[in-house]
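Open the model in a viewer and keep the sequence panel at hand. The stops below are meant to be selected in order.

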Amino acid sequence: MNSVLALGVDLGSSGLRIALVGPEGERLIEEASPYPTSLEDPWGWVEGLTSLCGSLPATARKRIGALAVDGTSGTLLLCRPDGQPGPGCLGQALPYHFACREQATAAAAMAGPGPAASANGSLARALHLLAQAQEFGEGGPWLLRHQADWLTGWLLGDWRWGEEGNNLRLGWNLQQQDWSGSIARQPWATALPAIRPSGVVLGRIAGAAAQRLGLAASCQVVAGSTDSNAGVLAAQPDHGDGITVLGTTLVLKQFSPRPLAGPGISCHRVAGRWLVGGASNAGAGVLRRFFSDDQIEELSRQIDPRQPTGLQLRPLPARGERFPVDDPELEPLLGPRPISDARYLQALLEGLTALEKQGWQRLQAAGAPALERVITLGGGARNPQWRQLRQQSLDIPVLNRPGCTAALGMARLAATALQKP
């Protein structure tokens with residue numbers, strides 16, 4: 001009962017989650033909440049984490065020896081070297097789905113081919129934020145920090161660091177271990193983080209953060225990952241497994257013997273292995289625009305997956321897509337809407353299923369291994385009719401593991417740091 005525990009923190013698309021595990025990674029407690037304010041508000045991240053940690057028993061909090069944070073890949077904040085966000089609108093992060101079309105050409109010229117060379121990349125968002133600061137007469141020095149990196153900085157009281165997976169879309173090159181193209185030679189390059197691999201211990205928690213969260217002063221802060229990578233760590237996939245995360249957005253992940261490249265394709269290194277994939281802007285978040293969770297559950301029971309609607313919807317939340325196609329101008333296609341709500345829900349699920357199939361085909365065409373089965377994570381994994389639609393479309397087994405949360409993956413990553421000599 002006195003063993004050291006590990007904490008995982010997930011900053012997801014729609015809210016926060018924490019998971020507490022034992023020394024062998026066994027799940028003990030999980031708690032979740034919406035963002036207190038919004039995804040874009042960094043102080044809301046702190047407030048949400050404080051509230052969730054407060055729900056844990058005080059004795060358990062004092063036994064936490066390490067913690068790690070994941071966040072939405074691409075949500076980017078401009079802040080001062082002491083972590084203070086800029087004034088006014090500069091104090092809000094640009095979310096992962098915010099496309100900066102006016103900066104796409106400059107980003108591509110600066111980064112060269114890769115995930116940063118896009119209107120949907122963090123580099124375009126960085127250029128947008130820096131241009132805004134200049135427009136408002138706010139001079140440097142500035143730091144550019146992704147969501148997980150900023151909260152990790154708050155925990156440490158030191159905002160120098162950035163985890164490598166969170167910074168690929170800003171232009172970090174995993175193979176070269178350097179910034180792509182001419183990024184490091186830009187006048188604002190001092191705003192870039194010092195990159196560290198996922199799982200590395202960055203230091204002890206700062207006294208102020210430890211006191212606010214009720215944690216021991218000896219707690220180690222571990223470099224985390226992106227939210228989708230964290231879910232993969234929780235699922236612990238076997239050879240031939242693909243991971244689909246059915247959350248607010250649709251995310252595909254797969255281990256590969258070699259790195260892959262291409263517009264919209266992500267390539268990370270997790271536990272010494274290459275993890276490739278992509279993330280669509282579409283996902284279960286679109287469903288909630290039309291139906292509540294209770295309505296989705298009730299209407300889903302009325303769906304017969306063997307009887308397709310024949311509608312071909314593109315359920316994007318707004319203009320712009322990242323994967324399976326990287327097109328900031330791609331428009332949603334949410335109609336025509338049938339009279340039957342159940343039929344409309346089925347058409348939306350069919351549209352999301354088609355995007356998933358296209359995503360896996362895109363990865364196979366880029367050189368990813370053939371899939372033998374798909375493991376499904378996220379809230380959408382609880383929908384049996386959606387699972388059947390997907391299994392029919394993919395023609396391979398589709399397993400549901402909704403309990404493999406990103407927070408659990410981060411907690412298990414933090415636990416491994418405790419096992420190192």
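The tour of this predicted model goes from a strand to the nonpolar cores and then to the cavities.

Start by selecting strand S4, residues 64–71. Eight of its eight residues are buried, so S4 is largely enclosed by the rest of the structure. Add strand S1, residues 5–11, which runs parallel to S4 and is joined to it by seven bridges; Leu11 has Gly71 of S4 as its bridge partner. Next add strand S12, residues 220–226, also parallel to S4, with five bridges between the two. Here Asp70 stands opposite Ser225 of S12.

Now move to the largest nonpolar core, which has 68 residues. Select Leu78, Leu123, Leu144, Ile183, Trp188, Leu287 and Leu345, the members that touch the most others. Helix H10 (residues 341–366) gives the most to this core, ten residues. Another core lies apart from it, with 41 residues, including Leu7, Ile18, Leu39 and Trp150.

Then turn to the cavities: the whole structure holds two of 30 Å³ or more. The largest has a volume of about 80 Å³. Of its 15 lining residues, select Asp149, Thr152, Trp161, Glu163 and Leu202, which lie nearest its centre. Helix H5 (147–156) gives the most to this lining, five residues. By class, the lining has seven nonpolar, four polar and four charged residues.

Finish at the second largest cavity, of about 30 Å³. Which strand supplies the largest share of its lining? Select S15, residues 266–270: three lining residues come from there. Ser225 and Glu163 are among the other residues that line this cavity.

How values were computed. Residues are numbered from 1 along each chain as its sequence is written. This is a predicted model: local features need pLDDT of at least 70, side-chain atom pairs count only at pLDDT 80 or more; totals for chains, interfaces and linings use all residues. Side-chain values use heavy atoms; hydrogens and water are left out. Buried means under 20% relative accessible area, exposed over 50%, partly exposed in between (1.4 Å probe, protein chains only). Helices (H or I, at least four residues) and strands (E, at least two) are DSSP runs, numbered from the N terminus. Two strands pair if DSSP finds at least two bridges between them. A nonpolar core is a set of buried Ala, Val, Leu, Ile, Met, Phe, Trp, Tyr and Cys residues joined through side-chain atoms within 4.5 Å. On a 1 Å grid over the protein atoms alone, a cavity is a set of points where a 1.4 Å probe fits but cannot get out, and a pocket is an open set with protein on both sides within 12 Å along at least five of seven lines; lining residues have an atom within 4 Å of a point. Grid points are joined across faces, edges and corners, and a volume is the space filled by probe spheres set on the points. Ala, Val, Leu, Ile, Met, Phe, Trp, Tyr, Cys and Pro count as nonpolar, Asp, Glu, Lys and Arg as charged, and the others, Gly among them, as polar.
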